[in-house]
Amino acid sequence: MILNISDITKSFDGKDVLRGVSFHIEDHEKAALVGVNGAGKSTLLKIIMGELAPDSGQAVLARDAKIGYLAQHQALTGTMTIYEQLLNVRKDILETAEAMARSEQQMTVLKGDALEEEMKTYAKLTERFQRADGYAYRSEVTGVLKGLGFSEEDFGKHIGELSGGQKTRVALGRLLLTAPDIILLDEPTNHLDMHSIEWLETYLMNYKGAVLIVSHDRYFLNRVVTKVVEIENGVSRTYSGNYDAFSEKKEQLRKAQYAAWVNAERERKHQEDVIAKLKQFNREKSIRRAESREKMLDKMEMPERPEELNTKMNLRLVPKAESGHDVLTVEGLTKGFDGVTLFRDISFEIKKGEHVALIGNNGTGKSTMLKILNGVIPADSGTFVLGSNVTVGYYDQEMQVLDSSKSIFDEISDDYPSMTNTEIRTALAAFLFTNDDVFKLIGDLSGGERARVSLCKLMLSNCNFLILDEPTNHLDIDSREILEGAVRAYEGTVLYVSHDRYFINRTATRILDLTHKQLLNYIGNYDYYLEKKDAVEKAALGEEAVAPSVSGLPTEAKKDWKAQKEEEAKKRKRENDLKKTEARIEALETESSEIDAKFSDPAIATDVAELTKLSKRKDEVEQELEDLYTRWEELQEE
C-alpha cells in the first residue's frame with residue numbers, strides 16, 4: 001500500500017464536504033476519484049498533499065515514497081523556455097553531464113598520475129550518468145513535449161508567453177519526468193487534444209508508479225483505471241474495475257437500495273394500517289396488541305430514501321417545425337488567420353436527423369467552422385446553404401447570455417411563457433435542477449450550472465438544427481450523461497464539436513475529422529472512427545489534392561477507402577429510391593381515388609367498355625401499390 005486515506009472529515013462554513021472518507025491505493029495501482037462538481041474531490045487531493053488540514057482523519061503516505069501533484073490551475077513563472085523547464089527536472093543528470101565535460105577538458109592537458117586519477121573520476125561520472133539513463137534523457141524530454149501537443153517550434157517559447165492551458169501542459173510534463181511513486185492528477189485532460197489524451201493514456205497505463213486521477217473524461221478513465229472511488233454526499237465508496245464497471249455496479253446498488261426502501265416503506269405502511277385497525281376495535285386486548293406493534297415499529301430501522309437516478313432522461317425533445325431532408329450544404333469553405341490557412345476547400349452535407357461530431361486537434365479550426373456556419377465570422381471563400389424550413393440553435397459558451405438577476409425558473413418561464421410550471425420543473429429536473437434549486441439566481445451559479453441552464457434553454461427551443469461548441473465543458477459526469485440522453489432523444493439534427501470521446505461515442509451517428517486542412521468522413525461513432533482511422537487516413541492523405549486519390553496506396557487502404565465511398569453511394573441510392581417509391585405511391589393512391597370517383601359517375605355506369613377498362617386499371621394500380629408498399633418497408637428497414 002502506498003497511500004492510506006483514513007476517516008477524513010472536512011467542513012467549510014459549517015457544511016460537511018467530506019464525512020469519514022476512507023480508501024487506499026496500492027503500489028502501481030491506477031485509480032479514479034469521481035463525484036459531482038462540489039463533491040470534495042479537489043479538496044481531498046489538497047488534504048493528501050498537505051495544502052489543507054482535515055478536521056479529522058489522516059492521509060498516510062508509505063515511508064520514503066515520493067508524491068507528485070498536478071492541480072487544475074498552474075502559476076508557472078520565470079524566463080526559462082518550455083524545453084529548459086522540462087530539462088531542468090533532472091538537475092542531477094545535467095550536473096553530471098557538466099562534470100563529465102569538465103573532466104574531458106582536464107584529460108586533454110593532464111599527464112602521468114594526474115591523468116590516471118582524472119580518468120578514474122571520469123569513469124565514475126560516466127557510470128553515474130548511465131545509471132541515471134542520462135543518454136536517453138533529452139530524447140525522453142522531447143518525446144513527452146511532443147506527446148503533450150508541443151511542436152519543436154514551441155520548445156523555445158518562454159514560460160511567460162504561455163496561456164494557462166499551455167502552462168498546465170508544461171507542469172504535467174515536468175511531473176511525468178519527475179516519476180514519483182504516486183501521481184495525483186486533477187483534470188489532466190482539460191487542455192489536451194485527442195491525440196495528446198491518447199498519448200497520456202498509454203503513458204499512464206505503462207507508468208511504474210501509482211496514479212490517482214480526478215477526471216470527467218469517462219473514455220480516459222475506462223482505458224486507464226482499474227479502481228473507482230466515488231464521493232457522494234460526503235462519503236466514499238470503492239468499486240473495482242474501470243468507469244463502465246463502476247457505472248454498472250452503482251446502478252445495481254441504487255436499484256437494490258431503492259428496492260430495500262420500497263419494501264421497508266411497504267412494511268411500515270402495513271404495520272400502521274394494522275395498528276389503526278386494532279385501535280378501531282377499541283378492546284383491551286386489541287389496544288395492547290396495537291401498543292406492542294407501535295413499540296416494534298419505533299424500533300424498526302428504516303433505510304434512507306435513495307436519491308433519484310439523475311441519469312434517466314424522460315424529456316423527449318421534438319422540434320415543433322420539421323426541416324427538409326437536406327439540412328446543410330457546404331461547398332469550398334476556406335478560412336485562415338494572419339496568413340495561416342486553417343482549412344481549405346471544405347465541402348460536406350448534413351441530412352435531417354443526423355448527429356454529426358466534428359473532431360480534430362486543437363487549432364485545426366473546428367470552432368471557427370461552427371462560427372462561420374452560424375454567421376458569427378465570414379469565410380475567406382466558399383458557401384454554405386441551409387435547407388428548407390431549417391432553424392438553427394447555436395451553443396457557444398463564450399456567447400451564452402443569461403440574466404444574472406433572474407432565477408433559473410424565471411429564465412425558462414420568461415423565454416417560454418406557454419410552458420406550465422410542471423413542464424418547466426420537468427425540463428429543469430432533466431438537467432439536474434430540482435426542488436428549491438430552480439429558484440437559485442443565475443448570478444450565483446457555477447460555470448457548470450450556467451452551462452446546464454443554457455443547454456436546457458437550447459434544447460427547449462423550436463430549433464430543428466443544433467450547433468454545439470464543446471457542450472460538455474464545465475459539466476460533471478452526471479450532467480454529461482443527462483446531456484447525452486437529451487441529444488440522443490432529440491429528433492432534430494445536431495452538429496457539434498467536442499473532445500469528450502465518451503460523449504461522441506454515445507451520441508454521434510457520423511464523424512467528420514478535420515485534419516491536414518481537410519475533412520475525413522466516418523459513418524459511425526467514435527469506436528468506428530478508431531477502427532477505420534489509420535486506413536482512411538493512409539488512403540485520403542496520400543495525395544495533396546483536395547479530392548484524395550487512392551492511386552499508389554496500399555491495397556488494404558484502397559479497399560477500405562473504396563468500401564467507405566461505396567457505402568456512402570449505396571446510402572444515397574437508398575435515399576433516392578425511398579423518395580421515388582413514396583412519390584410513386586402517392587401518385588397511384590391519387591389515381592386509385594380518381595378511378596373510384598369515376599365508378600360512381602352515372603354517365604360511366606352504363607358504359608360497359610369503359611367500366612371494364614377502369615376495372616382492369618384499378619387491379620393494376622392495386623397490385624403495383626401492394627408491391628410498392630413491400631418495397632417501401634424494405635427500404636425503411638435498410
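Q: Among contacts in the protein chain between residues at least 6 apart in sequence, what share join residues at least 24 apart?
A: Keep in mind that this is a predicted model. The count here takes contacts between residues at least 6 apart in sequence. Of those, the share joining residues at least 24 apart is 67%.

Q: What is the mean pLDDT of the protein chain?
A: For a predicted model, that's a fair thing to check early. Residues that reach 70 or more make up 91% of the chain. The mean pLDDT itself is 83.

Q: Over which residues is the pLDDT below 50?
A: The stretch in question still has 22 contacts in the model beyond near neighbours in sequence. Its pLDDT is below 50 all the same, and it covers residues 543–558.

Q: What radius of gyration does the protein chain have, next to a compact globule of 638 residues?
A: Start with the yardstick: a compact globule of 638 residues would come out near 26 Å. The C-alpha trace spans about 135 × 100 × 45 Å along its principal axes. The radius of gyration of the protein chain is 33 Å.

Q: How many helices and strands does the protein chain have?
A: Two of these elements come up again below: strand 9 takes in residues 235–240, and helix 9 takes in residues 243–281. The full tally is 20 helices and 18 strands.

Q: What part of the exposed area do carbon and sulfur atoms supply?
A: On the burial side, 44% of the 638 residues count as buried. The protein chain exposes about 33600 Å². Carbon and sulfur atoms supply 48% of that area.

Q: How far apart are the mean positions of the positive and negative charges?
A: There are 86 positive and 110 negative charges to place. Take the mean position of each set, and the two points are apart by 4 Å.

Q: Why does Ser 240 count as partly exposed?
A: Ser 240 sits in strand 9. Partly exposed lies between the cut-offs of 20% and 50% relative accessible area. Ser 240 falls in that class because its relative accessibility is 47%.

Q: Which residues does Ser 240 touch, leaving out those up to four places away in sequence?
A: One of them is 14 residues away along the chain, with its C-alpha 6.2 Å from that of Ser 240. The whole set is Thr 226, Ala 245 and Lys 249.

Q: How far apart in space are Gln 257 and Pro 303, C-alpha to C-alpha?
A: Gln 257 belongs to helix 9 and is partly exposed, at 31% relative accessible area. Along the sequence, Gln 257 and Pro 303 are 46 residues apart. In space, their C-alpha separation is 8.3 Å.

Notes
Residues numbered from 1 in each chain as written. Predicted model: local features only at pLDDT ≥ 70, side-chain atom pairs only at ≥ 80, totals over all residues. Heavy atoms only, no water. Helix = DSSP H or I, 4+ residues; strand = E, 2+ residues; numbered from the N terminus. Rg over C-alpha atoms; globule rule 2.2 N^0.38 Å. Buried < 20%, exposed > 50% of the residue type's maximum accessible area, 1.4 Å probe, protein only. Contact = heavy atoms within 4.5 Å. Areas by Shrake-Rupley, 256 points an atom, 1.4 Å probe, with all protein chains shown as cover. Lys, Arg positive; Asp, Glu negative; His and termini not counted. Charge placed at Lys NZ, Arg CZ, Asp CG, Glu CD. pLDDT = per-residue confidence, 0-100.
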